[in-house]
Amino acid sequence: MKIGIVALEARALFEPASQARFGGAEWRAATFAKGLAATGEHEITMVLGSLDPESARTVDGVRLVFDTTFPARRRRFPWLRWSRFRPSLLYEIPRAGLRRLRWGAPPWRVRVPSLAALELDAVLCFGVNEVSATVLHSLAGSGARRVLFLASDGDLDEAFVRGEGKAPYGVPGSLGRALLEDADALAVQRVGQQERLRERFDR
C-alpha cells in the first residue's frame, strides 16, 4: 500500500542538521511514517516543505519528497517561513505576493498537482488547518483515502460546528467544518473526542 504523510515542517525529524522548528503534530507524523516503514508492508512517502526544489531521498525507510508549492505555507506576511534568514531569499517576498494575488481563492482551495502525481492509496494529515484542507482538496476524486488525525480538542472547536467565525488559533470556522465533513476517515486521540465528533458532526 502506498501511503503519503504530509507534515511540511517535519524536516528536522529526518534531517536533524537542518535545525528546522517542529511541533507535536510533526513529531506524530514522523513517528507514524517511521513506524509504518519499519513494518516493511507499505511504501511510505513523507511530503515536506521546501523553498527550493530538492531531489527525493530515503531516510529511515521513508521516502522524503519536497514540495515548494503549498499555498498555506505562504499565507501570512511575508507569506514565508524561514528557519534561517538569508538575504538571497528576499526575492521570495514579491514572488509570494504575486502568487497571492493570482490565486484569489482561499489558499486551501488551490490544488497542489504534485500530490496527485504521487499516486497514493491513502494520505494522512494532522490537525484541522489550511495544510490539511489543501491536501484533502488536492486529492478529492483521486481514489486515495484521505485520513485526518485530530491534533487536539481545539480541532473540534465551536466555530467549526457553526461553520463561521474563527477558532482561537485562527482557523476559519467554514474551513474547519468543511474539513471535518470531507475527510474520508477521522482519527481521534481519545474517547472524548470521538463522542464530540458524533454529537457535533455526526461522524
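The following exercises, each with a worked solution, concern the sheet, one helix, the cores and the aromatic pairs of a predicted model.

Residues are numbered from 1 along each chain as its sequence is written. In this predicted model, local features need pLDDT of at least 70 and side-chain atom pairs count only at pLDDT 80 or more, whereas totals for chains, interfaces and linings use all residues; side-chain values use heavy atoms, with hydrogens and water left out.

**Exercise 1. Determine the strand order of the open sheet and identify its edge strands.**

Step 1. Helices (H or I, at least four residues) and strands (E, at least two) are DSSP runs, numbered from the N terminus. Two strands pair if DSSP finds at least two bridges between them.

Step 2. The seven strands follow the order E3-E4-E2-E1-E5-E6-E7, and their pairing is mixed.

Step 3. Strand E3 (57-59) and strand E7 (185-187) each pair on one side only, and these are the edges.

Step 4. At the E7 edge, strand E6 (residues 145-149) pairs with E7 in the parallel sense over three bridges. Val-147 stands opposite Ala-185 in E7.

**Exercise 2. Establish whether the span of helix H1 agrees with its number of residues, and describe its surroundings.**

Step 1. The expected span of a helix is 1.5 Å times one less than its number of residues. For the 16 residues of H1 this gives 22 Å, and the end C-alpha atoms are 23 Å apart, which agrees.

Step 2. Helix H1 (residues 24-39) packs on the sheet, where it touches E1, E2, E4, E5 and E6 (contact: heavy atoms within 4.5 Å).

Step 3. The buried residues of H1 are Glu-26, Arg-28, Ala-29, Ala-30, Ala-33 and Ala-37. Here buried means under 20% relative accessible area, exposed over 50% and partly exposed in between (1.4 Å probe, protein chains only). Their cover includes E1, E2, E4, E5 and E6.

Step 4. Lys-34, also in H1, counts as partly exposed because its relative accessibility is 28%. Leaving aside neighbours within four places in sequence, Lys-34 contacts Leu-13, Phe-14, Asp-60 and Val-62.

Step 5. Just after H1, Gly-40 takes a positive phi of about 75°.

**Exercise 3. Locate the largest nonpolar core and its best-connected residues.**

Step 1. A nonpolar core is a set of buried Ala, Val, Leu, Ile, Met, Phe, Trp, Tyr and Cys residues joined through side-chain atoms within 4.5 Å.

Step 2. The largest core has 30 residues, and Leu-115 and Leu-180 have the most contacts inside it. The elements giving two or more residues to this core are E5, H4, H5, H6 and H7.

Step 3. Another core, of 23 residues, lies apart from it and includes Leu-13, Ala-29, Leu-48 and Phe-149.

**Exercise 4. Classify the ring pairs formed by Phe-126 and state which elements they join.**

Step 1. Rings of Phe, Tyr and Trp (its six-membered ring) pair if their centres lie within 6.5 Å; planes under 30 degrees apart count as stacked, over 60 as edge-to-face and the rest as tilted.

Step 2. Phe-32 and Phe-126 have ring centres 5.9 Å apart and planes at 55°, so this pair is tilted. Phe-32 lies in helix H1 and Phe-126 in strand E5, so the pair ties together parts 94 residues apart in sequence.

Step 3. Phe-126 and Phe-149 are stacked, at 4.8 Å centre to centre and 20° between the planes. Phe-149 lies in strand E6, so this pair ties E5 to a part 23 residues apart in sequence.

Step 4. Phe-126, with a relative accessible area of 7%, is buried, whereas Phe-32, with 33%, is partly exposed. Ring pairs thus link Phe-32, Phe-126 and Phe-149 into a cluster.

Technical notes. Axes fitted to C-alpha atoms, helices over the stretch in contact; angles between N-to-C directions.
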